[in-house]
Amino acid sequence: MSSRIVYMMGNKMGMTLAMVLSIAGAAWALDVADMTIEWTPEGKKLAAERIKLPAHDEMVLVPAGPLLMGSDKKVDPKAYLAELPQHAVYLDAFEIDKHEVTTVQYLKFVLAKNLAPLIDWRYDGGNFQDTMVNHPVMHVSWQDAADYCAWAGKRLPTEAEWEKAARGEDGRIYPWGNQPAGLSRANFGRGGLSGPVRDRPERLMLYPPIISVDKYENAVSPYGAFQMAGNVAEWVADWYDKDYYKTAPDRNPKGPDKGTQRAFRGGGWIDSTPSVRVAQRNGTEPNTKMNWLGFRCARDAKGDEAKPLQTGLR
């Protein structure tokens, strides 16, 4: 490795290095909010060439209309309290990224804003490996994700928008329907590493079992969005409140006005079956940067596509 890793000294849990190692069950997940890598001159030159690689910039349209949001315990016994009650909402039309934002897409933003490389870009002076070109970006905070989307002329989707893009209007449990998730449809449940290799501290710095964002054509959502279940979980715009559904509006809900955690959706490679259901909700501190957490962007629909439908919802 020719790029230099800088550990910011500090605090968070009284550790000598403010590097939080988070173990979820037998999984190896790393919060690197206080770690940075520096470019080398040679690394920046290579990065300038890398941004010419093909990117997954396509978006899909989600038409205006209803969403059956949340879960019904009678239909989905795995539902958590934060998903209740299931309720109907109306959403204006919007577009959402067909794929999770990739390393190449995020690299364009990093160079445009003269930012430091991400923590897993530890090769060739601050670059990611060739095998990571089509992988989702990870180790980004909520603000990092929001800033990228704004730079790209987009925004983070709301929880409601994300959920509709993932499940359509019929209340299905997974993007493909109600059939249980399996490794032929989603990249999840890969936290079960066992034996002495798992327990070595250096295991935490290894690259996780991420796959390309365009895999699993058999598991796309009703609108054609890929990997709304598994691979990496995805930041969304809302503040997170586990009780929000009890008082949420039934038209274009945008989450609470304030909070201490930001919401994320979709589950990741590290998660079990219940966590990759499309109604599953969760939140974490906005500055969290994990190797199972990425994002995709959205934007309002334009022209005829944006015309609202007449419904009984307010």
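In what order do the 3 strands of the open sheet with antiparallel pairing stand? Select β5, β8 and β13, for the order is β5-β8-β13, where strands are DSSP runs of E with at least two residues, helices are runs of H or I with at least four, and both are numbered from the N terminus; two strands count as paired if DSSP finds at least two bridges between them.

Before going further, note that this is a predicted model, in which local features need pLDDT of at least 70 and side-chain atom pairs count only at pLDDT 80 or more, while totals for chains, interfaces and linings use all residues. Residues are numbered from 1 along each chain as its sequence is written, and side-chain values use heavy atoms, with hydrogens and water left out.

Stay with this sheet and colour β5 (59-62) and β13 (298-300), which stand at the edges with a single partner strand each, so one side of each has no neighbour in the sheet. Between β5 and β8 (residues 94-97) there are 4 antiparallel bridges, and the partner of Val60 in β8 is Ile96. Now add helix α4 (residues 159-167), which packs on the sheet and touches β5, β8 and β13, its direction making about 75° with that of β8; contact here means heavy atoms within 4.5 Å, and axes are lines fitted to C-alpha atoms, for helices over the stretch in contact, with angles from 0 to 180 degrees between N-to-C directions.

Next, display the open sheet of 4 strands, ordered β11-β10-β9-β12 with mixed pairing. Here β9 and β12 run parallel and are joined by 3 bridges, with Trp235 having Phe295 as its bridge partner in β12.

Then select Trp121 and Phe128, whose ring centres lie 5.2 Å apart with planes at 70°, so the pair is edge-to-face; rings of Phe, Tyr and Trp (its six-membered ring) pair if their centres lie within 6.5 Å, and planes under 30 degrees apart count as stacked, over 60 as edge-to-face and the rest as tilted. Trp121 is buried at a relative accessible area of 1%, and Phe128 is buried at 0%, where buried means under 20%, exposed over 50% and partly exposed in between, with a 1.4 Å probe and protein chains only. Both rings belong to one aromatic cluster, together with Tyr106, Phe109, Tyr148, Trp151 and Phe295.

Finish at Arg262, which lies over the face of Trp239 at 3.7 Å from the ring centre; the rule requires NZ of Lys or CZ of Arg within 6 Å of the centre and within 35 degrees of the ring normal.
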